[in-house]
Amino acid sequence: MKTEIRTFCDEFTQVLRPFRSELEQALKAMPKEDVDNPQTSWRRRLLEARHRAETLSDKIAQQHAYLLIFGPLKSGKSTLMNAISGSYISEVSSLPAYPALVYARHGEKRAFQATTYAGEKIDFDSSQSMADAVAKGHEELASKIVEVERAGESFEPHIHFSDAIRRMDVQTPAEALAESGSVLVDTPGL
């Protein structure tokens, strides 16, 4: 299941590769920085072009198609994620209604990471340790929401509880996701 975006990215990379190679050869042939030499300005321009080509190539290589999966609690979202990926990836996404998105993508080895509203990234050594942190975070989040609402305010996680988990990233060997260039996004139950 190769997506159109993955096909485009692969083709674009193939087209850009010879350009980058020719650019490298031209830079090697040019003299180094010399203020009095008019070719120096061309060297700077080529260096800038190389930088832009590398940046563009890196961005294109990292493009993904995002497939959002949403529905009511216990409606089979996690089962669908497993079926699409051809791998068991949804163990964290089946947590009870935690209000965070779970991004599942291919990775050479299993990896689990949470990102808080404050931008802190927390790595976990297993899905269970991530699930434990989310369960604890769920209790803390519920307490903060009640506290803020009792004070007559509307709860804003980035203001009232910036340690709350905003996003979870799961990587696991899933060849179907690697081939398609897709990232599955599991949403909390509606």
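Two strands are taken to pair if DSSP finds at least two bridges between them. On this basis, strand β3 (residues 111-116) and strand β5 (residues 165-172) of the predicted model run antiparallel and are joined by six bridges. Within this pairing, Ala114 of the one strand stands opposite Met168 in β5. Strand β3 also pairs with β4, again in the antiparallel sense, over four bridges. Here Thr115 has Lys121 in β4 as its bridge partner. The hairpin of β3 and β4 has four residues between the strands, and Gly119 in this hairpin adopts a positive phi near 95°.

These strands belong to an open sheet of six strands with mixed pairing, in the order β1-β6-β2-β5-β3-β4. Strands β1 and β4 (121-124) form the edges, each of them pairing on one side only. On average, and with direction ignored, neighbouring strands of the sheet are turned by 20° against each other. Elsewhere in the sheet, three bridges connect strand β2 (residues 101-106) with strand β6 (residues 182-186), and the sense of this pairing is antiparallel. The bridge partner of Val102 in β6 is Asp186. Helix α3 (residues 77-85) lies across β1, β2 and β6, and the helix runs at about 170° to β6.

The edge strand β1 spans residues 65-69 and contains Tyr66. Together with Leu68 and Phe70, Tyr66 forms a nonpolar patch on the surface, and the accessible area of the three residues together is about 360 Å². The relative accessible area of Tyr66 is 48%, so this residue is classed as partly exposed, the class that lies between buried, under 20%, and exposed, over 50%.

A further residue examined was Lys144, which is placed in helix α4 (residues 127-150). Lys144 is also partly exposed, because its relative accessibility is 27%. When neighbours within four places in sequence are left aside, the contacts of Lys144 are with Phe155, His160 and Phe161. Lys144 and Ala164 are separated by 20 residues in sequence, and their C-alpha atoms lie 9.9 Å apart in space.

Methods
Residues are numbered from 1 along each chain as its sequence is written. This is a predicted model: local features need pLDDT of at least 70, side-chain atom pairs count only at pLDDT 80 or more; totals for chains, interfaces and linings use all residues. Side-chain values use heavy atoms; hydrogens and water are left out. Patches are made of residues with over 30% relative accessible area and no salt bridge: like charges are joined within 9 Å, nonpolar side chains (Val, Leu, Ile, Met, Phe, Trp, Tyr) within 5 Å. Accessible areas come from the Shrake-Rupley method with a 1.4 Å probe; for residues, only the protein chains shown count as cover. A salt bridge is a side-chain nitrogen of Lys or Arg within 4 Å of a carboxyl oxygen of Asp or Glu. Helices (H or I, at least four residues) and strands (E, at least two) are DSSP runs, numbered from the N terminus. Buried means under 20% relative accessible area, exposed over 50%, partly exposed in between (1.4 Å probe, protein chains only). Axes are lines fitted to C-alpha atoms, for helices over the stretch in contact, and angles run from 0 to 180 degrees between N-to-C directions. Contact means heavy atoms within 4.5 Å.
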